[in-house]
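Got a minute for a walk through this model? Have the sequence and the coordinates open side by side.

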Amino acid sequence: PSGPANDREESRYRFMRGGIAYVLDQPFNPLYRPRSSAHPDDLARQQRAWIVSWPEAYRPVYVNSSEGITLYKVTEDPAFLEAYGLYLKARREFDQARFESGLGDLDAALTLQPRFVKALNAYGATALLSGKKLAMGEARLRRALEIEPRYFWAWFNIARLYQKTGRAAQAKEAFEHAQEALSDFPNLAHMRPVIMREMAAQDG
């Protein structure tokens, strides 16, 4: 995939698929670089936060405190790779409106990796889109937020699910959480006006 990773699980998957065994964390370049949708330094800080927040996936093997350098080993995890492959397969199934088959792939992925936030979120989003298994979809979005409380897409999707099921107050609160979580996802800045419109609609 081109462009920056969307979350820490995608970032880890790209490292592993690319055969990258080590990740170097070093001080940011202080020179100004033109802003696009997300400043390069913002993306670097985001990547650092993902690494530091996931010690099971990234093990520090060299630390130089005086220079602010840390070298991390990317932990091998065949089950994670298999689960991510099932998640990607599910996405392809959903593109063809084969919802039951795709949800089955997500179930298999979550059997391998019960804390797989992207799969939990995808299950909830698909339940919302298809109108099927809404209770299970809500449960899995809630589980995603238990694991990663500032995961933007889970907040956004559970807010939409609350909207769909007539729970306006809970939808508004969830959209507020989604808006707060955007600060952790500089590459999703384009979603801010979408949330503002949804929140305004709730107030209306």
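What follows is a quick tour of some helices, a few single residues and two loops.

Bear in mind that this is a predicted model. One helix pair to look at is α3 (residues 78-95) and α5 (residues 117-130), whose axes come within 10 Å. After that come helix α6, residues 134-147, and Asn-121, which sits in helix α5.

**The α3/α5 pair**
- The axes of α3 and α5 cross at roughly 20°, and since angles under 35 degrees count as roughly parallel, the two helices are therefore roughly parallel to each other.
- As for handedness, the crossing of α3 and α5 is left-handed.
- On the α3 side, the contact is made by Tyr-84, Tyr-87 and Phe-94, and α5 brings in Lys-118, Ala-119, Ala-122 and Thr-126.
- Sort the residues of that contact by type and you get 5 nonpolar, 1 polar and 1 charged.

**Helix α6**
- Helix α6 has 14 residues and reaches 20 Å from its first C-alpha to its last, close to the 20 Å expected at 1.5 Å a residue.
- Its buried residues are Gly-137, Glu-138, Arg-140, Leu-141, Ala-144, Leu-145 and Ile-147.
- What covers the buried residues of α6 includes α4 (99-112), α5 and α7 (152-164).

**Asn-121 in α5**
- Asn-121 has a relative accessibility of 9%, so it counts as buried, the cut-off being under 20%.
- Leaving aside residues up to four places away in sequence, Asn-121 touches Leu-141, Ala-144, Tyr-151, Trp-153, Ala-154 and Asn-157.
- Two of those names, Leu-141 and Ala-144, also turn up among the buried residues of α6.

**Gln-47 in α2**
- Gln-47 belongs to helix α2, residues 40-52.
- If you skip residues up to four places away in sequence, Gln-47 touches Ser-11 and Phe-15.
- Gln-47 and Asp-25 are 22 residues apart in sequence, yet C-alpha to C-alpha they are 9.2 Å apart in space.

**Positive phi in the loops**
- Ala-97 isn't a glycine, but it has a positive phi of about 60°; look for Ala-97 in the loop between α3 and α4.
- Lys-133, in the loop between α5 and α6, is another residue other than glycine with a positive phi, near 55°.
- Is Lys-133 buried or exposed? Neither, quite: with a relative accessible area of 39%, Lys-133 is partly exposed.

Note on methods: Residues numbered from 1 in each chain as written. Predicted model: local features only at pLDDT ≥ 70, side-chain atom pairs only at ≥ 80, totals over all residues. Heavy atoms only, no water. Axes fitted to C-alpha atoms, helices over the stretch in contact; angles between N-to-C directions. Helix = DSSP H or I, 4+ residues; strand = E, 2+ residues; numbered from the N terminus. Parallel < 35°, antiparallel > 145°, perpendicular 65-115°, else oblique. Left-handed = near helix turned anticlockwise from the far one by under 90°. Contact = heavy atoms within 4.5 Å. Nonpolar A, V, L, I, M, F, W, Y, C, P; charged D, E, K, R; others polar. Expected span 1.5 Å × (residues − 1). Buried < 20%, exposed > 50% of the residue type's maximum accessible area, 1.4 Å probe, protein only.
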